[in-house]
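Q: I am new to this structure and would like a close, patient look at one part of it, with the surroundings brought in where they help.

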Amino acid sequence: MQRSGSENNGNQRGALRGSSSEELTLRVLPNVPLLMPGDNVGKLIIQSLESIDLELKDNDVIVVASKIVSRAENQFVNLDELIASPAAFGLASKAEKDNKLVEQILRESNGVSRIRPGVFIVRQRLGLVCANAGIDASNAKPPGDPEGNWVLLLP
């Protein structure tokens, strides 16, 4: 790939030559609700596009956060319901993490590459190498706001 222009300055990013467009437009889709287990992600995206009269064209790309798919797939786990293994207890102190979260990280992992305070680098069961097996604790409560220490797993 070649960049147009010989240099980039602070105001110019250098578009790629040979592309169908030298413009990148990002849009946040409106009217996408908080997804619930069983929701059809594709259908909700199409409805959002229709609500603003936006039609997809060849080479358009839609980026979807894994959290949205995880919610639709009901990938919620209540850490309070887990029993941590002796291995999780041992590694939790080393990583300065909750032993039940470490248990879930181990369950989602095929191998641990590195442990540092606050983070595990693992080979997640899908083959991804990522921090904490991709487990997300932010805004992770399932519908109905049940009590518990909830996390979302990767889809």
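Which residues does Glu103 touch, not counting residues up to four places away in sequence?

A: Two remarks on the basis come first. This is a predicted model, in which local features need pLDDT of at least 70 and side-chain atom pairs count only at pLDDT 80 or more, while totals for chains, interfaces and linings use all residues. Residues are numbered from 1 along each chain as its sequence is written, and side-chain values use heavy atoms, with hydrogens and water left out.

Leaving aside residues up to four places away in sequence, Glu103 touches Ile83, Ala84, Ser85 and Ala88, where a contact means heavy atoms within 4.5 Å. Glu103 is found in helix H4; helices (H or I, at least four residues) and strands (E, at least two) are DSSP runs numbered from the N terminus. With a relative accessibility of 8%, Glu103 counts as buried, a word that stands for under 20% relative accessible area, whereas exposed stands for over 50% and partly exposed for what lies in between (1.4 Å probe, protein chains only).

One of these contacts, Ala88, leads into helix H3, in which Ala88, Ala92 and Ala95 are buried. These three cover an arc of only 75 degrees around the axis, which puts them on the same side of H3; the arc is that of the directions from the helix axis to the C-beta atoms. An α-helix has 3.6 residues a turn, so residues three or four places apart point the same way. On the face of H3 turned away from its buried side are the exposed residues Pro86, Ser93 and Lys94.

Gly90 also belongs to H3, which covers residues 86-95, and because its relative accessibility is 42%, Gly90 counts as partly exposed. The C-alpha atom of Gly90 is separated by 9.5 Å from that of Val102, 12 residues further apart along the chain.

After H3 comes Glu96, placed in the loop between H3 and H4. Glu96 has a positive phi of about 55 degrees although it is not a glycine, and its relative accessibility of 62% makes Glu96 exposed. Another residue of this kind is Asn31, whose phi is positive at about 60 degrees although it is not a glycine either. Asn31 has its place in the segment before helix H1 (41-51) and is exposed, with a relative accessible area of 62%.

What do the buried residues of H3 pack against? Their partners are helix H4 (99-107), strand S2 (109-116) and strand S3 (119-124). The strands belong to an open sheet of 3 strands, in the order S2-S3-S4 with antiparallel pairing, two strands being paired if DSSP finds at least two bridges between them. S2 and strand S4 (129-131) stand at the edges with a single partner strand each, so one side of each is left without a neighbour in the sheet. On average, and with direction ignored, neighbouring strands of this sheet are turned by 25 degrees against each other. The antiparallel strands S3 and S4 are joined by 3 bridges, and Arg123 has Val129 in S4 as its bridge partner.

H3 packs on this sheet, touching S2 and S3, and its direction makes about 35 degrees with that of S2. H4, the helix that holds Glu103, lies across S2 and S3 and runs at about 135 degrees to S2. For such angles, axes are lines fitted to C-alpha atoms, for helices over the stretch in contact, and the values run from 0 to 180 degrees between N-to-C directions.

These elements also share a core. The largest nonpolar core has 17 residues, of which Val77, Leu79, Leu101, Ile105, Phe120, Ile135 and Val151 touch the most other members; such a core is a set of buried Ala, Val, Leu, Ile, Met, Phe, Trp, Tyr and Cys residues joined through side-chain atoms within 4.5 Å. H3, H4 and S3 each supply at least two residues of this core. Apart from it lies another core, of 6 residues, among them Val41, Ile45, Leu49 and Ala72. Again not counting residues up to four places away in sequence, the contacts of Phe120 include Leu91, Ala95, Val102, Ile105, Val112 and Cys130.

As for the wider setting, the protein chain has 4 helices and 5 strands, which run α-α-β-α-α-β-β-β-β from the N terminus on, and buried residues make up 28% of its 155 residues.
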